[in-house]
Structure formats: structure tokens, C-alpha cells
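Open the model in your viewer and keep the selection tool at hand. The stops below tell you what to pick next and what to look for there.

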Amino acid sequence: MLLPFFGYTQKDTVYTTDHSIENIIKASSKDSMIQDRKANQLHLYGEAVVFYEDIILSADYILVDFNKNEVFASYTYDKDSNRVGLPKFTDGTEEIIAAKIRYNFDTKKGFIQEVKIKQEENYLYMEVAKRHANEEVHFRNGKFTTCDLDEPHYHFHLSKAIMIPEKRIVSGPMNLWIKGVPTPLGLPFIFIPQKKVKEQKRGFLFPQVSVQSPYGMGFQNLGYYLPVNDSLHTTFYADLYTRGTWGLRNQTGYKIRYRFQGDLNVGFQRLKSGFLDTLPIKKVTFIWTHRQDPKANPLWNFSAGVNFISDNNPKANLDPLNQNYFQNSLNSDINISRLFPGKPITMGLKISARQNSFSHNFAVTAPVYNMNVTRFSPFSIFRRDKLGSKKWYEQIVMTYNLEAQNRATFQDTLVKQQRYDLIRQSFLNGVSQSSTMQTTIGLFRNTWKLNPSLSYSNKVNFQQVEKSFDPVNNTTLTDTVNRTGVAQSFSANVQLTTVLYSYYRFVGKNKPLLRHILTPSFSFRYVPLLNKTITDSIGFNKAPVTYSPFERSVYPEGSTANSAFLSFGFNNTFEMKRKSEKDTITGFRKTKIIEALSFSGSYDLLKDSLKLSRISSNLRISPADFFNVVANANFSPYNYNDSTNLEVDEYLLSSRGQLARIYSASINTSFVLTTRKGRERIRQNSFNINENWNADFQYYALHPDQWIDFEIPWRISLGHILDLNRSTSPLSDKRQFKETQTISMNADISITKRWKLLCDSYYDIRTNKVINTRLTITRNMHCWNLAFYWTPVGLNQSFLFRINATSSLFQDAKMELRKPPALF
């Protein structure tokens, strides 16, 4: 029990002690503290606070009665007769706000009026509550909700109820109230588990109904949730439409703390446009992510990221918000790796698959084994004295890599036709070893770096090619045979690099200074021909053809002659520096005019003709956070034949007076318009997304309240992609370019504080058509969210209407009306 205090400081702080209380109780108030010795009471006025261990009790008025061993907390009124200083009781993560609180330390009983309890994201309001000695709380006229407003938008009204802390709430008649209006929806009694109850309940999940669609009337995602234990839970989903389309899916999540976690999603869909459709689309999806905790095992690591679709068509999906709609490639990887402490050795085994819906190819590697020996100094053993500088031979380092793989590339039609025998025959396998020896030498007072290196590789292939002449079609036939062969390669390299700085000062008020950083690089590479080539009269009209038997092996050796390359490269960076009053640290503001401008090429000294390669250039400009340009191009310095459109061994500058001829170019421009606050929010949201990225990305995409930021008043993102490729066909116009030009727009605007309009659109300039457009209207209703998605243009035309709760407690409390996209 509390004893009378024995003193206080000038800051109106009281310390009381008791033999039954282990820690010190501190009390303070802003206005005044009055001790009534006759009544043996302590009165605290004005922002009164009582501290005990992790418990904090605050109110505008607190009374401590030492005779009754009671504490009473209440609000007061300000000059406008408004309540101020409501009692607030905090214990760890739990928070209680009430109008009045009275508690007796002897009987352990309490009386509370107009209490508000917060537990994680749930709120419980009690008009009148009484706490008993067994810690049970009996209350009347309760409100249970996830809305944090004093007058919640909705709540479940509990007439009479009992709350057992950390266990459950049991109530009599309960019904749903919306905006203070009772509804006929209710139950005769209700059981609400508290947060410490670890048992999760199984049950059905309400489906999304499609009234009209190309597949008829039906429903999607009729589910059954089954929690196995605290570490494993699974959900089964079913889709069914009246015209014969149906699907089954299972989503399982697992997590063992400090060891690993993952998600597995397996599904099957049978898509039909009608019962008379004899060629339905059958597809199997397999999505698996597995992440090992770094603390689980410092030596072994296992990870998986699988995204497999059997028909290799991400667009064929009933989901109106299909996130893979614009993806042409899907990647799947399963990795296991091993580290060896104290040794520069790592080993790994991987199974991977690459799907491309544009080329209709599957590329499977099952498996590939790697062993890497990182940089080590083989001649450091000859060093006797560890002091002093190293000798030149002590700076020589070596690396070693070993790889063995089994790989195949085949058309996706073989999977659809279940021709697994042809898939098995398409696998190629082999073993590759490589080693590199290199060092670094500083020249001219270490301003230039010289990097000589020697590389050797040995490749064992178990398949080769044989070419023969087909007299009927006058062409060359190529066959792949199972035959073991060894290919070797050796190269000697030397590279010379430096960094040059140039400064240009301009006249002006802010004294701008332009800094130019030039990084030139020159290298020489010699590759002798170590492998025998085959020359035979198997070409057109039996023309001689020289080829390597390993040109189609898993480790090809395409070189058919000695080569000596002289390569060059120049990288440039331009940065402007000027005085700025906004920068209070350095007083200067830096702006990158050009982040990167590079040119590169090579010259083959041993080649018969066309020795100079095409010149490659790259440009990256980002003068502001909202503007970015990335461009690259390839130029040829050689002249061309007007009739055949082929290059000839003659420089364009000497024949036509032109420096070079462009063969391909690509320009990617992005522009984001928004307010300064909007740009800060975009950066913050991007960081949060990357920090919380997981396999549930599609789930979060279906909940716009977690992605649509109402704090951004408006935002417009414009993108432009231009691709140019010159045709090299003899029959085509020498000036003809194959052009692909697309404009994308992503915009959202907050019409009001709660309403937001979004638009995503893609326009093809070459065809003068809008290829896809999606309109979204969403309203943030505080504790509920309403959204309408409509795709009027594109192959995935569809709509989706949804109203759902924003709280994770009621994430399955939603209503949807949808029209899936037509896939036929």
C-alpha cells in the first residue's frame, strides 16, 4: 500500500516508498500539488503524471487517498467548458483513455467511466466498466472497432460484456452500427479473442462475384483458411464460371523464427470461352519464395525465387490487376551455397529457368555447379620480412573458377504438347575451368595504372556439331552428336588507365565552376587459335565453310583465327558547382550536368578487313530528381554498298565525307511532376517498399490503401522510349530504320482529401494507337477503402469494384464485383 510521501522538490515531484513496492513511484504536476494531512490525501493539478515501472498514469487531476489506498484520476474543464486532460493509462503497448478512473490497491478493484482501450490496431470503448479482483472487467454499452476516432465510423455494439485480459471478450447481443445508426446485422452472442491467444481459427473466405464476363457468371477466390500451427498456415482457393472455366489454387506460408521463412503458391486454371470450345487454355502456376535467416547458418545458405507459368503466357490470367501483364520474361532460381572460413573458396549449386513469352522459349539449367577461388597471392610465401613494401612479384594474384552445367533451350510448345522426350534430347552439358593471373603496376608517380594479366580456360563439352552438304536443297545441314571434346583458350591482356580532371570557371554572381572528369582506358588483348577448325565444301554451291565443332556446345568456342584487339574507351562526367545560400554546410550547390558520357571500341590487328569495330556510346543525364535521360547508340565508321547495303572496307569519312553511320539507337526519358512534398513522399515510399519487399507483393497491390498515398496532392509521370535499328538486309532501303516508340503516362490527383483519381496509359506512336489504359478511382474512408478499377483499352479489358476494411484484422471483410479480362 502507499505510504505518505516524505518530501518533494521544487519541480513538484514526489517520491513515495513502500515495502511491498519494489521500485520508486514518481509523481509530478504542472500546476500545483496539495497535501491534505488531515484527510491524508495528495492532490495533483494540471498535467499530473504518476510513474511506476512501465506504468504511466496521466490526467489533469489525480487524487491519491492514503487512508483508503485509492487513486482517482479525472478530467477538468477549460474556460470554454471543454474537457481537458482525460486520464490516460499506459502499460507497454497497451493504452487506456477514460473519463474517470478509480482504483483500490487493497481490494484490487477499479471503476472506470467512458474508457477507451487501444490494443495494437483494435479499439474497445466502454461506457461504464468495473474491474474485479480477479482482473476481469465487466462493462456495459461497449464499442469494438478498428477506427481510432472518438465517434467511430463503424463499430460492433456490445450490450453487456466481460473482458478477461489477454484471453477473450465475451458479450451478449451484438449488432453492427454504421455512423451511429444501428443495422439489423448482428449476433445473439460473440466471442472475441485477445492478442495473447495464439490459437488461430479456420474458416471460409468470401469469394469475389463476377456477374458478367466472357466466361459467364461465376466467382473467384472462394477460400478456406487452415492454420496448421504457429509456423505454418495454408489457404485453398477455387474459381468457377458457368461456361466451363475453373481453377484451383493453394497458398501456403511458413516461418520458423531465426531459421527461415517462405511462401508457396501453386495453382491450376482451365480457361474456356464456352462449352463448345475444344481448345481450352490449361496452365499451371508455381510461385515459391524462400529466405534463410542470416543468423541460421553462417556457412550454408539456401534461397529460392521461383515464378513459373506452364503456358509461358503471363497475360492469360483472370485477375484484372495482373501484375505480370507487361512482363515478357519470368525468372526462376533455386540456390544453395557453401562458404569455407579462412579459405578463399566458395561453392554453389543452382537450378534456374528463364521464360520468354516474346520469343516463346524456355531456357533451363538443371543444375549448374560453381566453385570459385577468390584472389590469392601465390608468391607471398617467399616473403621473409613482413615489414617494408612488397616486391613486384608479391603483388601478383590469381583466381580460379570451375563450372559444370546441364542446359537446354527449347520452344514452349514442347511443354504444352508434353513432348518431354524432345526436351530431354535438347540438353547440353559440359565442364569449364578458368584461371587468371594479374597484377597492378603504378606508373608516373602512380598517376597511371598498368594492369597486365594472363588467362587460360579449359572447356570439356559432351556434344559437338557435324555439318554436311544437302544436294537436294543446296544448303548446309547441321547435326548435334554426343561426342566428348576439349577446347582451350588463352589470352594475354594489358590495360592502362588514369583519371584526368579539368576545371572551367565562368563569370557570374554565383561564381559557377564546371568540373570535367575524363577516364581514358586503353587495352591490348591477344588470343591465339589453339583449337582445330574444320573446313569443308558444304556451303552454297559447295562453297568452302570453316566452322568450330563446339559452336553450338554448352561452352562454345567461336574463334576460328588468331586475334589481337586494341581496345579504347573514354568516360566523361560533367559537374557544376556554384554558391548557394540554401546550403548552410559548404555554401555551395553541386549539380551533375552529365552523369556519364562514354565512347568505346576496338581494333583487330590480325583481321583481314573491317578491323575497326562499331563505336558504342552511352549517355546518362539526371540534372534533377524528377528528370532522367538514358541513351545509347552504335556507329559504324565504314562505307556501305548502295546496291547490297553491306559494309565495305573503306572509311566513310574518306569516301562520303561523313564521320560515321548510325546503326542502332535507344533513348529512354522519364519525367516526374509533383510538389516538393510529393517528391519527398515518393522517395520515402520507395524506401519502405524496398525494405518490406516480400512474396506478398500481389496481395498488397490489391489493397490500394497501402500503395496510394493521399499525402501527395498530385503527380504526373511521363515516359518516352525510342528504339531505332537499321535494317542490314540487301533488299531493304539503306536509310530504313525499324522504329519502336512508346509514350507512357502515370498520373494521380487528389480530388478531395479522401478521393483520388489515377490513370495509367501507354501510347504507341508508330501505330498511332493507345495500347493499354487503366483508370482507378479510390476513396479513403478512414477505416474502409473503396476502389474502382477499369481497363477500357487493351487485351486485358476488365473492371473491378471493391470495398474493404483497411485493418489487417478484417482484411477478408470485403465485397467485390468484377469482370475478368477476355483471353480469347
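Select strand S26, residues 281–292, and strand S27, residues 300–309. The two run antiparallel and are joined by 6 bridges. Keep in mind throughout that this is a predicted model. Now pick Phe286: its bridge partner in S27 is Phe308.

Stay with S27 and add strand S28, residues 329–339. This pairing is antiparallel too, over 6 bridges. Show Ser303, and opposite it in S28 you will find Asn335.

**Aromatic rings**

Go back to Phe308 and add Phe362 and Phe410. Ring pairs link Phe308, Phe362 and Phe410 into a cluster. How many aromatic pairs does a search of the whole structure find? It finds 12.

Zoom in on Phe362 and Phe410. Their ring centres are 5.8 Å apart and their planes are at 10°, so the pair counts as stacked. Phe362 lies in strand S30 and Phe410 in strand S31, 48 residues apart, so the pair links distant parts of the chain. Are these two residues buried or exposed? Both Phe362 and Phe410 are buried.

Next, jump to Phe627 and Phe671. This aromatic pair is edge-to-face, with 5.7 Å from centre to centre and 75° between the planes. Distant parts of the chain are linked here as well: Phe627 is in strand S45 (residues 627–636), Phe671 is in strand S48 (residues 661–674), and 44 residues separate them. Phe627 has a relative accessibility of 25%, so it counts as partly exposed. Phe671 is partly exposed too, with a relative accessible area of 26%.

**Charges over rings**

Select Arg656 and Tyr640. The charged end of Arg656 sits over the ring of Tyr640, 4.2 Å from its centre. Then select Arg726 and Tyr663. Here the charged end of Arg726 sits over the Tyr663 ring, 5.9 Å from the ring centre.

**Nonpolar cores**

Which residues touch the most other members of the largest nonpolar core? They are Ile62, Leu124, Met126, Phe139 and Leu158, out of 32 residues in that core. Colour the strands that give two or more residues to this core; among them are strand S5 (55–65), strand S13 (122–131), strand S14 (137–145) and strand S15 (154–164). In soluble globular proteins, nonpolar side chains tend to be buried together.

Centre the view on Leu124. Leaving aside residues up to four places away in sequence, Leu124 touches Val115, Lys116, Ile117, Phe139, Lys143, Phe144, Leu158, Met163 and Ile169.

A second, separate core has 8 residues, including Ala353, Phe362, Ala408 and Val415. You have met Phe362 already, in the stacked pair with Phe410.

**A loop and a strand to finish**

Pick Lys391. Its place is in the loop between strand S30 (361–376) and strand S31 (397–411). With a relative accessibility of 48%, Lys391 counts as partly exposed. Add Ser380: Lys391 and Ser380 are 11 residues apart in sequence and 9.4 Å apart in space, C-alpha to C-alpha.

Last, select Thr776 in strand S52, residues 769–780. Thr776 counts as buried because its relative accessibility is 5%, and buried means under 20%. Which residues does Thr776 touch, not counting residues up to four places away in sequence? Show Lys756, Leu757, Leu758, Phe788 and Tyr789 to see these contacts of Thr776.

Notes: Residues numbered from 1 in each chain as written. Predicted model: local features only at pLDDT ≥ 70, side-chain atom pairs only at ≥ 80, totals over all residues. Heavy atoms only, no water. Helix = DSSP H or I, 4+ residues; strand = E, 2+ residues; numbered from the N terminus. Buried < 20%, exposed > 50% of the residue type's maximum accessible area, 1.4 Å probe, protein only. Contact = heavy atoms within 4.5 Å. Pairing = 2+ DSSP bridges. Phe/Tyr/Trp six-rings, centres within 6.5 Å; stacked < 30°, edge-to-face > 60°. Lys NZ or Arg CZ within 6 Å of the ring centre and 35° of its normal. Core = buried A, V, L, I, M, F, W, Y, C linked by side-chain atoms within 4.5 Å.
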